[in-house]
Amino acid sequence: MTFRFGEYSVDERARLVLRAGVVVHLSPKAFDLLVALFRERPRVLSKKDLHARLWPDTFVSDASLAMVVAELRAAIGESAREPRHVRTVHRHGYAFQDAASDGVPAGSPVSYWLVTEKGDLPLRSGENIVGRDPTARVWLDSPSVSRRHARIVVATDRVTLEDLGSKNGTYAADVRVTTEVPLGDGHALRFGSVAVVFRAWAADPTRTEGDGC
């Protein structure tokens with residue numbers, strides 16, 4: 001499988017990570033961690049699960065896992081305090097987050113939308129206001145939703161969500177949004193009491209209708 005996120009492309013078969021065509025060096029464990037987190041995104045992988053995947057026949061401490069996580073973060077230019085892709089779920093494990101993680105070759109057109117009980121709501125490039133105001137790009141007709149509740153910004157390499165001071169809050173994975181957060185395919189969101197799912201889909205130009213799923 002070949003996938004990309006942000007400025008990085010990953011060839012799982014060749015065990016190769018590139019940034020703008022330049023090789024990013026990772027230890028075997030750090031590479032396996034990256035692939036595992038990406039494949040399971042946006043699900044959180046517990047420390048126990050990651051231990052079993054990275055050290056299947058060996059007992060190691062959580063400190064060993066923390067070292068591999070730190071190596072991966074350093075290699076992709078982030079830190080625990082400012083994570084863009086590798087998110088820490090305290091006392092539990094780690095998860096991968098990224099708006100541009102589509103799992104297909106770079107350059108493929110990407111479509112974004114929100115899935116609601118009443119249907120799909122497409123997102124356009126740039127700013128998408130979510131709210132009860134009928135003029136909002138993403139109109140949610142619910143008394144629990146503020147007129148200008150939140151903002152979703154679709155950029156070239158990422159999609160972000162921020163709350164606009166709504167009365168009943170904006171939530172990502174049941175965590176209240178207080179700062180700008182990146183979105184990835186499958187993320188569960190809630191605006192007031194309205195639950196939606198963020199979806200990202202990229203067409204793979206190397207596949208045809210006859211290739212199957």
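**Exercise 1. Locate T2 in this predicted model and decide whether its side chain is buried, partly exposed or exposed.**

Solution. T2 is found in strand β1, which covers residues 2-5. The relative accessible area of T2 is 38%, and since the partly exposed class lies between 20% and 50%, T2 is partly exposed. As a further step, take the distance to A14, which lies 12 residues from T2 along the chain: the C-alpha atoms of the two residues are separated by 9.4 Å.

**Exercise 2. Describe how strands β2, β3 and β4 pair, and state which turn residues take a positive phi.**

Solution. Begin with strand β2 (residues 8-11) and strand β3 (residues 16-19), which pair in the antiparallel sense over four bridges, with D11 standing opposite L16 of β3. Four residues lie between the strands of this hairpin, and R15 there has a positive phi near 55 degrees. Continue with β3 and strand β4 (residues 22-23), whose pairing is also antiparallel and runs over two bridges; here V23 in β4 is the bridge partner of L18. The hairpin of β3 and β4 has two residues between its strands, and A20 in the turn takes a positive phi of about 55 degrees.

**Exercise 3. Find which salt bridges join the loop between β2 and β3 to helix α1, and classify the exposure of their residues.**

Solution. Take E12 and R39, whose side chains meet in a salt bridge at 2.9 Å, N to O. E12 belongs to the loop between β2 and β3 and R39 to helix α1, 27 residues apart. With relative accessible areas of 21% for E12 and 48% for R39, both residues are partly exposed. Turn next to D32 and R15, which form a salt bridge of 3.0 Å, N to O; because D32 lies in helix α1 and R15 in the loop between β2 and β3, this pair ties together parts that are 17 residues apart in sequence. D32 is partly exposed at 28%, and R15 is partly exposed at 42%.

**Exercise 4. State what links helix α1 to helix α2 through E40, and which residues make up the network of salt bridges.**

Solution. The side chains of E40 and R53 meet in a salt bridge of 3.4 Å, N to O, and the pair links helix α1, which holds E40, with helix α2 (residues 47-54), which holds R53, 13 residues apart. The network of salt bridges consists of E40, R43, D49 and R53. The structure holds 10 salt bridges.

**Exercise 5. Classify the aromatic pairs by geometry, and say whether their residues are buried or exposed.**

Solution. The count comes to two aromatic pairs. For F38 and F96 the ring centres are 5.4 Å apart and the planes stand at 75 degrees, so the pair is edge-to-face. This pair links F38 in helix α1 (residues 28-40) with F96 in strand β7 (residues 93-96), 58 residues apart, and both residues are buried. For Y112 and F198 the centres are 5.8 Å apart and the planes at 15 degrees, so the pair is stacked. Y112 lies in strand β8 (residues 110-116) and F198 in strand β18 (residues 194-202), 86 residues apart; Y112 and F198 are both buried. As a last step, note that the charged end of R41 sits over the ring of F38, 3.9 Å from its centre.

Conventions. Residues numbered from 1 in each chain as written. Predicted model: local features only at pLDDT ≥ 70, side-chain atom pairs only at ≥ 80, totals over all residues. Heavy atoms only, no water. Pairing = 2+ DSSP bridges. Buried < 20%, exposed > 50% of the residue type's maximum accessible area, 1.4 Å probe, protein only. Phe/Tyr/Trp six-rings, centres within 6.5 Å; stacked < 30°, edge-to-face > 60°. Lys NZ or Arg CZ within 6 Å of the ring centre and 35° of its normal. Salt bridge = Lys/Arg side-chain N within 4 Å of Asp/Glu carboxyl O.
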